[in-house]
Amino acid sequence: MTQIKICGLKNFAAIEAAVEGGANYLGFVFAESPRQVTAENVRRLTSGIPKEVKKVGVFVSPTQAEVEETAEIAGLDLIQLHGQTNLIKLAYPIIRAFSIQDQDSSYFYQYPHLLLDAPPAKLMGGNGRTFDWQQVDQRHLPKEKLWLAGGLNAENVAEAIRFFQPQVVDVSSGVETAGEKDPEKIKAFCQAVKAADNEDRKNK
């Protein structure tokens, strides 16, 4: 089954919709962004979520001290790294973001999880931009590590799953209306992922 990450969460309504929709991961942005949150707020907002739903902290070019302090306060389970960083080992599993602009096999062996995203624009993520999937060299892409982002939404996620067979699909702006998370779009995205998996099982 393809797992689901809803990223850029900031309020109870969106978190509740993600959990009810069946999301496996909740993403919280600690880098500069309209979706930026504090560690204290994340701890407060997620105090009642099921233990099986994991919290991911999103950082851009952070220091190790910054990550570890934030993770402890927020109660994070995984760390997602964008930008320039030499961090390879932390006390938390790392999701390393990369794009078609920096396809480098060294990424594939250093990190337990790899997030394929659109090339960065003003922000490292959450720009709602798709990219040319055909430009990705999948010959050396470890599918067992692959998380997929970059302009996903309820309309295109099934095609993305068929094309890449990722472990996790990651959405942020694709479940927003006027820059804010839309609970109905969150639920629709989760339903589309489940429908794609069900269709794939029927065809096997």
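This passage walks through the internal space, the aromatic pairs and one loop residue of the structure shown above. The model is predicted, and the values below were computed from it.

A convenient place to begin is the interior. Searching the whole structure turns up one cavity of 30 Å³ or more. The space in this largest cavity comes to about 50 Å³. Its lining draws on several stretches of the chain: Gly8, Leu9, Lys10, Asn11 and Ala14 take part, together with Pro34 and Arg35, and with Glu176, Gly179, Glu180 and Lys181. Sorted by class, five of these lining residues are charged, while three are nonpolar and three are polar.

Attention turns next to the aromatic side chains, which form five pairs in the structure. One of these pairs joins Tyr25 and Trp147, whose ring centres are 4.7 Å apart and whose planes meet at 45°, a tilted arrangement. Tyr25 belongs to strand β2 (residues 25-29) and Trp147 to strand β7 (residues 146-148), so this pair ties together parts of the chain that are 122 residues apart in sequence. Both partners, Tyr25 and Trp147, are buried.

A further pair is made by Trp133 and Phe163. With 5.7 Å between the ring centres and 40° between the planes, this pair is tilted because its angle lies neither under 30 degrees, as in a stacked pair, nor over 60, as in an edge-to-face one. Here too, distant parts of the chain are linked: Trp133 sits in the loop between β6 (113-117) and β7, Phe163 sits in helix α5 (residues 157-164), and the two are 30 residues apart. The partners can also be described by their accessibility. Trp133 has a relative accessible area of 12% and is therefore buried, the limit being under 20%. Phe163, at 25% relative accessibility, counts as partly exposed. Trp133 and Phe163 also belong to one aromatic cluster that includes Phe164.

The loop between β6 and β7 offers one more residue to look at, namely Thr130. Its relative accessibility is 48%, so Thr130 counts as partly exposed, a class that ends at 50%. Apart from neighbours within four places in sequence, Thr130 is in contact with Ala118, Gly150, Gly151 and Asn156. The C-alpha atoms of Thr130 and Ala149 are 8.5 Å apart in space, and these two residues are 19 residues apart in sequence.

Technical notes
Residues are numbered from 1 along each chain as its sequence is written. This is a predicted model: local features need pLDDT of at least 70, side-chain atom pairs count only at pLDDT 80 or more; totals for chains, interfaces and linings use all residues. Side-chain values use heavy atoms; hydrogens and water are left out. On a 1 Å grid over the protein atoms alone, a cavity is a set of points where a 1.4 Å probe fits but cannot get out, and a pocket is an open set with protein on both sides within 12 Å along at least five of seven lines; lining residues have an atom within 4 Å of a point. Grid points are joined across faces, edges and corners, and a volume is the space filled by probe spheres set on the points. Ala, Val, Leu, Ile, Met, Phe, Trp, Tyr, Cys and Pro count as nonpolar, Asp, Glu, Lys and Arg as charged, and the others, Gly among them, as polar. Rings of Phe, Tyr and Trp (its six-membered ring) pair if their centres lie within 6.5 Å; planes under 30 degrees apart count as stacked, over 60 as edge-to-face and the rest as tilted. Helices (H or I, at least four residues) and strands (E, at least two) are DSSP runs, numbered from the N terminus. Buried means under 20% relative accessible area, exposed over 50%, partly exposed in between (1.4 Å probe, protein chains only). Contact means heavy atoms within 4.5 Å.
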